[in-house]
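Student: Please pick one part of this structure and go through it closely. I would like to know how its residues are placed and what lies around them.

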Amino acid sequence: LQLLGEGGMGRVYLAEHIKIGRKVALKMLHSHLATSADVVRRFFDEARAVNQIHHEHIVEITDFVENEEGNNYVIMEYLRGCSLADLIKRRDGELTLARVLDIGMQVSSALAAVHDADIIHRDLKPENIFVTRDHDGQDLLKLVDFGIAKMVGEGGSQGGEAMTKLGLVFGTPMYMSPEQATGSEVDARADLYSAGIIFYQMLTGIPPFEHDDPVALIRM
């Protein structure tokens, strides 16, 4: 129905399940990436990883499709609201201390579930945290975009290394832990570092480290 957003890995569209009339989000892998069997495998590994978690603060993926024409996509729940990045940018008094604490608790709960499933997100940032509402009108956070997630124990396989490099290109160094920013091995603590950066930014309106040059930012 319409384009919702675009990133390094693909585009996300608003779509409708014709038979039941349900609105869904359809994430389609960029066609130029579909020629790489490893990238396609990792793209669908995201869907499998998310479905291992089963948590209220993790986006729900209901199906995924791969075909020879290169149209590779996953079908996710359609979320109404805004990203945490948009909420931080507005800075209009909406982020009270109580709300920041509630958001922090929900993000931490989501990460606990992710790590319990032996998965490391590796791309935690405000753009990948979606703020929607529950039935009572309260904040309900959803952690999204597991495109460069790492399965604990996958080791230094060629596929894992390739996607790590892809993450460094398309990710945001501002939220990366020192070990991830320098290409070292990461574990669940890397996500906790990123969460700390996000919590700091929610409280102050700015991240602790800023620089126009990504290399200088990594050094910081």
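Tutor: A residue is called buried when its relative accessible area is under 20%, exposed when it is over 50%, and partly exposed in between. Keep in mind that this is a predicted model. The part to look at is the hairpin of β8 and β9, with the loops and spaces around it.

Start with R122, in the loop between β7 and β8. Its relative accessibility is 7%, which is under 20%, so R122 counts as buried. Its backbone deserves a note. Most residues other than glycine have a negative phi. R122 is not a glycine, yet its phi is positive, about 70°. D118 also has a positive phi without being a glycine, with a value near 60°. D118 is found in the loop between α3 and β7. With a relative accessible area of 45%, which falls between 20% and 50%, D118 is partly exposed.

The loop between β7 (119–120) and β8 (129–133) also holds N128. N128 has a relative accessible area of 5%, so by the 20% limit it is buried. Apart from its neighbours within four places in sequence, N128 is in contact with H121, D123, K142, L143, V144 and D145. Two of these, K142 and L143, are residues of β9.

That brings us to the hairpin itself. β8 and β9 pair in the antiparallel sense, over 5 bridges. Strands of a sheet pair through backbone hydrogen bonds. One bridge joins R133 to D139 in β9. There are 5 residues between the two strands of the hairpin, and G137 has a positive phi near 80°.

Now take β9 on its own. In a regular strand the side chains alternate between the two faces of the sheet. In β9, D139, L141 and L143 are on one side, and L140 and K142 are on the other. Both faces are covered. The count agrees: 5 of the 5 residues of β9 are buried.

β9 also helps to line an enclosed space. The structure holds 2 cavities of 30 Å³ or more, and the second largest has a volume of about 40 Å³. Its lining consists of H57, Q106, V107, A110, I129, L141, K142 and L143. α3 (97–116) and β9 (139–143) each supply at least two of these residues. Sorted by class, the lining has 5 nonpolar, 2 polar and 1 charged residues.

The largest cavity, of about 50 Å³, takes us back to the start of this walk, with R122 in its lining. D123, L124, K125, T172, Y175, M176, Q180 and S194 line it as well. Here the classes come to 3 nonpolar, 3 polar and 3 charged residues. D123 is also one of the contacts of N128.

M176 leads on to an open space, as it is among the residues that line the second largest pocket. This pocket holds about 150 Å³ of space. α5 (178–181) and α7 (214–219) are the elements that give two or more residues to its lining. The pocket lining has 10 nonpolar, 2 polar and no charged residues.

Finally, return to K142 and look across to H55. The two are 87 residues apart in sequence, and their C-alpha atoms are 9.3 Å apart in space. H55 is placed in the loop between α1 and β4. With a relative accessible area of 23%, above the 20% limit for buried, H55 is partly exposed. Leaving out neighbours within four places in sequence, its contacts are S109, A110 and A113. A110 has already appeared in the lining of the second largest cavity, together with K142.

Conventions: Residues numbered from 1 in each chain as written. Heavy atoms only, no water. 1 Å grid on protein atoms, 1.4 Å probe; cavity = no way out; pocket = protein on both sides within 12 Å on 5 of 7 lines; lining within 4 Å. Points joined across faces, edges and corners; volume = space filled by probe spheres on them. Helix = DSSP H or I, 4+ residues; strand = E, 2+ residues; numbered from the N terminus. Nonpolar A, V, L, I, M, F, W, Y, C, P; charged D, E, K, R; others polar. Buried < 20%, exposed > 50% of the residue type's maximum accessible area, 1.4 Å probe, protein only. Contact = heavy atoms within 4.5 Å. Pairing = 2+ DSSP bridges.
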